[in-house]
Amino acid sequence: MTAVPPSPLLTQRPAWAALEEHFESMHAVTLRDLFASDPQRAERFSLEAAGLYFDFSKHRITDQTLPLLLELADACRLAERIEAMFTGQKINTTENRAALHTALRAPRSSSIVVDGVDVVAQVHEVLDRMAGFANAVREGLWLGYSGAPIRTIVNIGIGGSDLGPAMAYEALSPYVKPGLAVRFVSNVDLSDFVLATRDLKPAETLFIVASKTFTTQETMHNAKHARQWLVAGLGSEAAVARHFVAVSTNRAAVEAFGIDAANMFGFWDWVGGRFSMDSAIGLSTMLAIGPAAFTEMLLGFREMDEHFRHAPFLENAPVIMALLGIWYNNFFRAQTVAVVPYSHYFRRFPSYLQQLTMESNGKHVTRAGVHVDYQTGPIYWGEAGTNGQHSFFELLHQGTRLVPIDLIGFCTNPNARPEDQDLLIANLIAQSQALAFGKSAAEALQEGSPAALAPHRAYEGNRPSTTILAPTLSPAVLGRLVALYEHMVFTQGVIWDINSFDQWGVELGKALAKDVLGTLTTGPASTGEADSSTKALIQRYRSWRGP
């Protein structure tokens with residue numbers, strides 16, 4: 001671990017006190033009033049960045065708010081920390097590592113040296129090998145054990161080895177090669193594997209086992225079942241080498257499994273799992289959409305990287321989104337953030353963001369190990385629009401909780417006629433309008449509502465939202481959107497003075513699961529020093545499971 005000198009706690013900084021004073025002055029301010037007093041508000045509180053349009057005018061902010069938040073960011077040395085990340089300094093202090101996911105999309109001509117090694121050259125060597133393999137599979141040159149071409153790829157991973165690729169595959173469905181499908185297995189519940197493979201032909205199936213160490217319990221459990229399924233279907237252990245590839249760095253374990261090391265694609269300890277979908281972890285994505293489209297996605301990532309690194313903070317989309325999140329999380333005490341993409345293809349984006357945001361910023365101590373006295377990462381959740389409007393939007397509009405919301409829309413859709421897309425985007429815009437301005441009981445009465453129903457038909461309004469629009473959901477746009485949220489997460493972590501790149505919180509559960517597993521398979525007396533609840537649960541499970 002790299003020692004980090006303690007910094008003043010966030011709440012002790014003068015910039016924090018200034019924001020608290022400003023917040024007290026905002027209680028009576030409404031979005032209705034802000035828009036009524038400023039006809040140019042939408043123009044002044046919006047920007048275009050890396051081909052995306054951001055409207056943040058429907059937030060409970062004035063001309064003072066963002067400058068005050070930027071004073072807090074400056075006090076936390078945000079500009080210095082951004083440069084440290086991009087140049088490969090070891091900002092993941094608890095693991096003494098760089099956090100250099102931006103190198104995964106750096107141009108071939110650039111150079112970033114970490115521990116004496118040019119990591120950009122390493123990245124492009126792996127990308128070139130991935131492209132060669134993807135082309136061979138897509139063109140029918142890579143044949144299975146029985147001589148049949150590959151029709152289905154099954155990605156076996158969990159967490160960052162699953163959520164990003166699975167989200168990208170659905171998001172970019174229109175770009176997938178016809179006749180080639182990708183499925184994903186992550187849950188240690190065997191039902192996941194059974195459902196993914198029950199209609200597949202072993203002779204036409206390729207498995208990607210994605211585990212950096214090749215020891216991840218859930219992934220290797222599923223890989224073992226995949227191996228058994230394949231060998232049973234094709235009748236030979238030799239088939240494994242033609243139907244399995246690995247995304248890993250553990251050559252010995254990969255070869256012991258039966259995978260040719262030539263078909264092992266590596267990545268590095270400076271890539272966190274939740275930041276890895278554009279590394280070799282994205283092999284399933286490249287197989288599905290092809291190397292050219294994958295390169296386009298990397299260019300989209302890079303465009304947002306450059307914007308984040310170089311744009312002034314008051315014109316910087318990831319920074320502004322991060323600051324608005326701080327504003328609501330730490331001053332309005334909002335507990336959650338909703339993300340609603342108005343695209344069926346993009347419906348898994350909120351699930352992907354849950355890991356990116358909450359595994360990164362769900363921390364309770366500063367980088368120096370001091371317990372915080374303020375809220376850190378909020379809970380992220382969401383669903384595709386318009387489905388969400390008929391499930392949880394009632395709470396957003398009329399509930400007692402303040403939930404900031406990101407609304408994401410695309411102006412064209414390869415499956416929709418213009419009038420269909422008009423209807424979809426009309427719903428997005430109308431929701432942002434209703435959330436911001438609501439409807440008073442008096443207005444409900446004027447519309448003819450009975451007096452007794454007017455309070456029920458009233459909308460308080462004053463609910464903040466960001467609207468993000470893109471021309472279409474292309475590989476480049478997907479890269480820009482993912483990088484946008486990556487950098488937002490990093491910015492918030494800098495201000496909260498936490499390490500956004502470790503995940504020690506998941507380790508205890510893993511260790512305890514191993515202990516419980518051993519106990520489940522032995523006699524009743526082996527519960528030992530376990531607490532009474534754990535003992536009772538183990539005994540009940542045994543009795544219902546049977547021998």
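Me: What do buried and exposed mean here, and which exposed residues lie on the face of α17 turned away from its buried side?
Reply: Buried means under 20% relative accessible area, exposed over 50%, and partly exposed in between, with a 1.4 Å probe and protein chains only. The model is predicted, with local features needing pLDDT of at least 70, side-chain atom pairs counting only at pLDDT 80 or more, and totals for chains, interfaces and linings using all residues. Residues are numbered from 1 along each chain as its sequence is written, and side-chain values use heavy atoms, with hydrogens and water left out. The face of α17 turned away from its buried side carries the exposed residues Pro418, Asp422 and Leu423.

Me: Within what arc do the buried residues of α17 fall?
Reply: The buried residues of α17 include Gln421, Leu424, Ile425 and Leu428. Seen down the axis of α17, by the directions from that axis to the C-beta atoms, the buried residues line one face of the helix, because they fall within an arc of 135°.

Me: How many residues of α19 are buried?
Reply: Helix α19 spans residues 475-496, helices being DSSP runs of H or I with at least four residues, and strands runs of E with at least two, numbered from the N terminus. Helix α19 is largely enclosed by the rest of the structure, because the buried residues number 22 of the 22.

Me: Which residues does Thr65 contact, leaving aside its neighbours within four places in sequence?
Reply: Thr65 lies in helix α4 (residues 65-75). Thr65 is buried, with a relative accessible area of 0%. With contact taken as heavy atoms within 4.5 Å, and those neighbours left aside, the partners of Thr65 are Leu19, His22 and Trp327.

Methods
Expected span 1.5 Å × (residues − 1).
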